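Please open the model in a viewer with residue labels switched on. The stops below say what to select at each point and what is found there.

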Amino acid sequence: MSEIFDIAKKISEEHEIEIEKVVDYLAEALKIAITKKYGDDVDVRIEKDIDNEIFDVFIKKKVVERPMLDSEISLEDAKKIKKDAKIGDLIEEKIDAKSLGRIAVSTIKNVITKLLRDIEKHKAYEEYKQYIGKIIVGEVWSIGANNNVIVDFKNAIGILPKREQGINDKYVVGENIRAYVLDVIEDPKNVKLILSRTHPGFVKELFKKEVPEVREGLVEIKAVAREPSRRTKVAVYSKDSRIDPIGTCVGSKGVRIAAIVRELGDEKIDVIKWSADPSIYIRNAMSPAKVLSVEIDEEMKKARVYVDDAEYSMAIGKGGVNAKLAAKLTGYNIDIMKISDREGEISFNETAETEGVNEEN
């Protein structure tokens with residue numbers, strides 16, 4: 001049936017789909033059309049050979065004396081297919097797809113149209129799935145219910161939920177926005193991108209865009225802790241001792257970091273140096289406050305840091321945000337103490353020694 005292959009080739013070229021898949025879809029569409037004509041119980045077999053352009057359709061029919069149904073065949077006709085056929089046998093009869101009529105053709109067209117739509121949708125899903133964990137740019141389509149922002153992409157829509165929006169973000173219909181792709185969903189109607197501008201990954205990806213050394217792996221972002229619209233801490237590191245990871249990220253006259261701050265609606269960003277030594281790392285993470293000393297309880301993942309009395313408020317930060325971010329960044333539960341309170345305090349190490357003495361006693 002060369003017509004089937006002509007159609008398959010045309011669809012294959014127009015939609016960039018492998019011809020094998022198109023032929024499979026056409027076979028599936030033909031089966032649905034045959035089922036509509038002959039009933040749900042019809043037994044259909046389609047023989048396909050793409051190389052030799054063979055596309056033959058067979059229907060199993062019951063041999064009866066007087067056929068009353070499309071699924072029945074007379075003994076005389078059955079013997080033309082199989083010489084020893086007898087009443088009650090099931091015989092496979094090759095049929096011409098053209099004989100299925102106008103309704104069948106319409107069914108095939110509808111099935112193919114839906115299949116092609118699904119294929120295009122799935123292609124879009126596969127394409128956008130690669131953006132999960134990355135930044136994408138789209139045009140604001142509308143501000144929907146609950147102030148969710150709807151973003152237009154080619155063959156997909158983005159949803160930026162209210163909870164994923166920065167407090168200082170402003171959205172204007174028709175303007176482009178950058179957002180971080182949290183997830184991509186393929187539902188029956190379309191492909192949806194779930195977006196965020198508050199995720200720590202958004203900051204990390206902005207650094208990749210603005211700082212070539214981060215993009216090239218010369219400077220590594222070890223961790224990001226974020227309180228959206230308030231403050232973010234970014235821990236950076238470079239194996240190359242000739243590279244200053246902080247200066248590289250900040251840029252000459254702060255140009256690089258300024259671009260990121262603007263994108264985040266003037267959110268404060270502390271770029272700190274990562275260290276494998278928890279004591280140094282925690283000390284750095286408390287920036288901009290200066291830490292005088294650090295005590296670590298590694299087993300309990302706790303740290304106690306001492307700061308000058310005048311630095312105490314800065315160490316805690318407005319609403320506790322600096323302390324909270326330092327803890328998030330390092331993974332340690334951090335107690336911040338004034339140096340004046342140190343007198344009479346028992347250090348973690350002293351506590352451990354005391355506990356050891358008690359156990360021995």
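**The cavity**

By the rule applied here, the count comes to one cavity of 30 Å³ or more. A cavity is a set of points, on a 1 Å grid over the protein atoms alone, where a 1.4 Å probe fits but cannot get out, and its lining residues have an atom within 4 Å of a point. Grid points are joined across faces, edges and corners, and a volume is the space filled by probe spheres set on the points. The volume of the largest cavity is about 30 Å³. To display its lining, select G166, D169, R197, R226, S229, E263, L264 and E267. This lining divides into one nonpolar, two polar and five charged residues. In that division Ala, Val, Leu, Ile, Met, Phe, Trp, Tyr, Cys and Pro count as nonpolar, Asp, Glu, Lys and Arg as charged, and the others, Gly among them, as polar.

The model is predicted, so that local features need pLDDT of at least 70 and side-chain atom pairs count only at pLDDT 80 or more, while totals for chains, interfaces and linings use all residues. Residues are numbered from 1 along each chain as its sequence is written, and side-chain values use heavy atoms, with hydrogens and water left out.

**From the lining to S229**

Keep S229 selected. S229 lies in the loop between β10 (220–227) and β11 (231–237); helices (H or I, at least four residues) and strands (E, at least two) are DSSP runs, numbered from the N terminus. Phi of S229 is near 70 degrees, a positive value in a residue other than glycine. Is S229 buried or exposed? S229 is buried, because its relative accessible area is 17% and buried means under 20%, with exposed over 50% and partly exposed in between (1.4 Å probe, protein chains only).

**Helix α8 and its surroundings**

Next, select K253, in the loop between α7 (245–250) and α8 (255–263). K253 has a positive phi of about 55 degrees, although it is not a glycine. In contrast to S229, which is buried, K253 is exposed, with a relative accessible area of 84%.

Proceed into α8, where the buried residues are I257, A259, I260 and V261. Which elements cover them? The cover includes α5, α7 and β12 (268–273). V261 is in contact (heavy atoms within 4.5 Å) with D266, E267 and I269, leaving aside neighbours within four places in sequence. A distance label between the C-alpha atoms of V261 and T232, 29 residues apart along the chain, should read 10.0 Å. After α8 comes G265, with a positive phi near 70 degrees.

**The barrel**

Now select β5, β6, β7, β9 and β8, five strands that close into a barrel in that order, with mixed pairing. Two strands pair if DSSP finds at least two bridges between them. Neighbouring strands of this sheet are turned by 50 degrees against each other on average, direction ignored. Axes are lines fitted to C-alpha atoms, for helices over the stretch in contact, and angles run from 0 to 180 degrees between N-to-C directions.

Within the barrel, focus on β7 (residues 156–160) and β9 (residues 191–196), which run parallel and are joined by three bridges. I157 stands opposite K192 in β9. Add helix α5 (residues 200–210), which lies across β5 (135–143), β8 (176–186) and β9 and runs at about 125 degrees to β8.

**Two hairpins**

Select β1 (residues 43–49) and β2 (residues 54–64), which pair in the antiparallel sense over seven bridges. The bridge partner of R45 in β2 is F58. Four residues separate the two strands of this hairpin, and E53 in the turn has a positive phi of about 55 degrees.

Before the second hairpin, pause at the peptide bond from S287 to P288, which is cis, with omega near 15 degrees. P288 belongs to the loop between α9 (278–285) and β13 (291–297). Strand β13 then pairs with β14 (residues 302–307) in the antiparallel sense over six bridges, and S293 has Y306 as its bridge partner in β14. Four residues lie between the strands of this hairpin as well, where K301 takes a positive phi near 55 degrees.

**Last stop: S12**

Finally, select S12 in helix α1 (residues 2–15). S12 counts as buried because its relative accessibility is 14%. Not counting residues up to four places away in sequence, S12 touches I17, E18, I19 and V22.

Notes:
On a 1 Å grid over the protein atoms alone, a cavity is a set of points where a 1.4 Å probe fits but cannot get out, and a pocket is an open set with protein on both sides within 12 Å along at least five of seven lines; lining residues have an atom within 4 Å of a point.
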